[in-house]
Structures are given as structure tokens and as C-alpha cells.
Amino acid sequence: MGFVLEEELLKATKAEVKRYYKGDVILNEGDKSPYFLYLKEGELSVFNFTEKGKELLQHKVKQGRFFADPAILLDQPVPGNVQVCSEKVEIVKILRENLIEYLKTHPEKLFEFTISIAKKTVQKSLLLKQIVLYNPEDRILQQLHNFKKENACEQERTMINFTRKELSHMTGLRIETVIRAIKKMEKEGKLEIVNGKIFI
């Protein structure tokens, strides 16, 4: 679970809630936001375009989390595009200055916020390591295990809710490479394919 927004915080910071729909772009790479943005409901994708115009999916934002918050905290342009990928989302918008003032007077929430940003920093470092050092199979497996961990799937066999195209975007691999690697890993017993769905 991410950072929890209590009613008292929402009132004190004069937060507002806005609804968006599938395909809506919340932020473009290079934008500066005067608001901290928190995903209350739904799912978002964060991605960049390569020089050749290929979409590279950084990650998906699950509900109960801030997004683009390191850049917003530093009052810098956001490093990726953020788009709605579920049918609809509800986003809480809090003026940057209002949340910063609130956190200064509530150390326990400041610590919680700091931990949430630290986790994102570690995830980004791991992603960079995967892209630079891992072979295609290891890159894909890492994404599958990350999904399982982020969704707190305790059961041994978990269905992975990613398409081959999404895995291609997340790993920077061509979709044909992803398909070949998944078939190879299935033969090696590293994952299962049932009705086209991936299970690990």
C-alpha cells in the first residue's frame, strides 16, 4: 500500500478530486505541475518515447499512490508521460505548497511520504540495471516477479496481467523478442501459458 490520504489531510490542504477517462493524458513529459497528484481510483501508465518513436513503458501506477511526485517536490519538469489506461480514474490534486506546509507540521506523514519516494528511487535503479545488464529472458522475468510482488500475490501460481505488447514496452524489447523469450521460458519451466495468459 502507498501513502494514505486521511480526511484531515484532504481538508487541511484543500485537496480537490478530478475524474479522467481511458486515453486521457494527465501529464506530458516536460510538464511542470503546480499540484501533487494522487491516484485514488483506477490505473495509469507512465511511459517515454525512444528516438525512433517506440513507446517504453516505465511502470503502471496503482491506486493509493502519488505519481510524478519526485519531480513535483523539486518543482522540476516530469520525466515521463502519464496516461489513463483503465476505463476511468479519480485523481486527488493538492497544491504543492499546501502539501509541503502540511508535511512540515506532521512528521509522521512526512516520514511516510519520504519512504514512498525512496521506494520509487530503488525501483528506478533496478529498472535501469535490468535494461543495461539483463538478457531478454531475465528482463521479462524481473517484470513478472515485480508484478507479483507489487500486487502482494502470496499464492504460488499467479496470473500476470500484462499483454505481450506491454511487456515489450516495459522491457524495451521488440514484441517478437518477447514472444520468443516467453515460449522459451515456458519450455524451460520458468512460467506457464494457459489460454494465452502467463502464470508464474
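## The hairpin of strands 4 and 5

In this predicted model, strand 4, which covers residues 43–49, and strand 5, which covers residues 55–62, are paired in the antiparallel sense over 7 bridges. At one point of this pairing Phe49 of strand 4 stands opposite Glu55 of strand 5. The hairpin that the two strands form has 5 residues between the strands, and Gly53 takes a positive phi near 85° there.

## Strand 3 and its two partners

Strand 3, made up of residues 35–41, pairs with strand 8, residues 88–95, in the antiparallel sense, and 6 bridges join the two. Within this pairing, Tyr35 has Leu95 of strand 8 as its bridge partner.

Strand 3 also pairs with strand 6, a run of residues 65–67, again in the antiparallel sense and over 3 bridges. Here the bridge partner of Tyr38 is Phe66 in strand 6.

## The sheet of strands 9, 11 and 10

Further along the chain, 3 strands form an open sheet in the order 9-11-10, with antiparallel pairing. Strand 9 (159–160) and strand 10 (192–194) are its edge strands, each of them pairing on one side only. Strand 11, residues 197–199, is joined to strand 9 by 2 bridges, and these two strands run antiparallel; in this pairing Met159 has Phe199 of strand 11 as its bridge partner.

The loop between strand 10 and strand 11 holds Asn195, a residue other than glycine whose phi is nevertheless positive, near 55°. Asn195 counts as exposed because its relative accessibility is 78%, and the cut-off for that class is over 50%.

## A second positive phi, at Asp75

Asp75 lies in the loop between helix 2 (69–73) and strand 7 (81–84). Its phi is near 60°, which is likewise a positive value in a residue other than glycine. The relative accessible area of Asp75 is 39%, so this residue is classed as partly exposed.

## Helices 5 and 6: Gln143 and Thr171

Which residues does Gln143 contact, leaving aside its neighbours within four places in sequence? Gln143 is in contact with Leu127, Gln130, Phe162, Leu167, Met170 and Thr171. Gln143 itself belongs to helix 5, residues 136–150, while Thr171 is part of helix 6, residues 164–171, so that the contact between Gln143 and Thr171 links a residue of helix 5 with a residue of helix 6.

Gln143 counts as buried because its relative accessibility is 5%, and Thr171 counts as buried because its relative accessibility is 2%; the cut-off for a buried residue is under 20%. Thr171 can also be placed relative to Thr121, from which it is 50 residues apart in sequence and 18 Å apart in space, taken from C-alpha to C-alpha.

## Helix 1: Leu10

Leu10 is located in helix 1, which comprises residues 7–12. Is Leu10 buried or partly exposed? With a relative accessible area of 22%, Leu10 is partly exposed, because the buried class requires a value under 20%.

Not counting residues up to four places away in sequence, Leu10 touches Leu5, Ala15 and Val92. Val92 falls within strand 8, residues 88–95, so this contact brings helix 1 together with the strand that pairs with strand 3. Leu10 and Glu192 are 182 residues apart along the chain, and their C-alpha atoms are separated by 44 Å.

## The chain as a whole

The chain contains 7 helices and 11 strands. Its C-alpha trace spans about 55 × 40 × 30 Å along the principal axes. The radius of gyration is 18 Å, which agrees with the value near 16 Å that a compact globule of 200 residues would have.

Of the 200 residues in the chain, 40% are buried. Among contacts in the chain with a separation of 6 or more, 72% are accounted for by residues 24 or more positions apart.

The exposed area of the chain is about 11700 Å², and carbon and sulfur atoms supply 54% of it. The chain carries 34 positive and 29 negative charges, and the mean positions of these two groups are 5 Å apart.

Terms used:
Residues are numbered from 1 along each chain as its sequence is written. This is a predicted model: local features need pLDDT of at least 70, side-chain atom pairs count only at pLDDT 80 or more; totals for chains, interfaces and linings use all residues. Side-chain values use heavy atoms; hydrogens and water are left out. Two strands pair if DSSP finds at least two bridges between them. Helices (H or I, at least four residues) and strands (E, at least two) are DSSP runs, numbered from the N terminus. The radius of gyration is taken over C-alpha atoms; the globule rule is 2.2 Å times the number of residues to the power 0.38. Buried means under 20% relative accessible area, exposed over 50%, partly exposed in between (1.4 Å probe, protein chains only). Contact means heavy atoms within 4.5 Å. Accessible areas come from the Shrake-Rupley method with a 1.4 Å probe; for residues, only the protein chains shown count as cover. Lys and Arg count as positive and Asp and Glu as negative; His and the chain ends are not counted. The place of a charge is taken as NZ of Lys, CZ of Arg, CG of Asp or CD of Glu.
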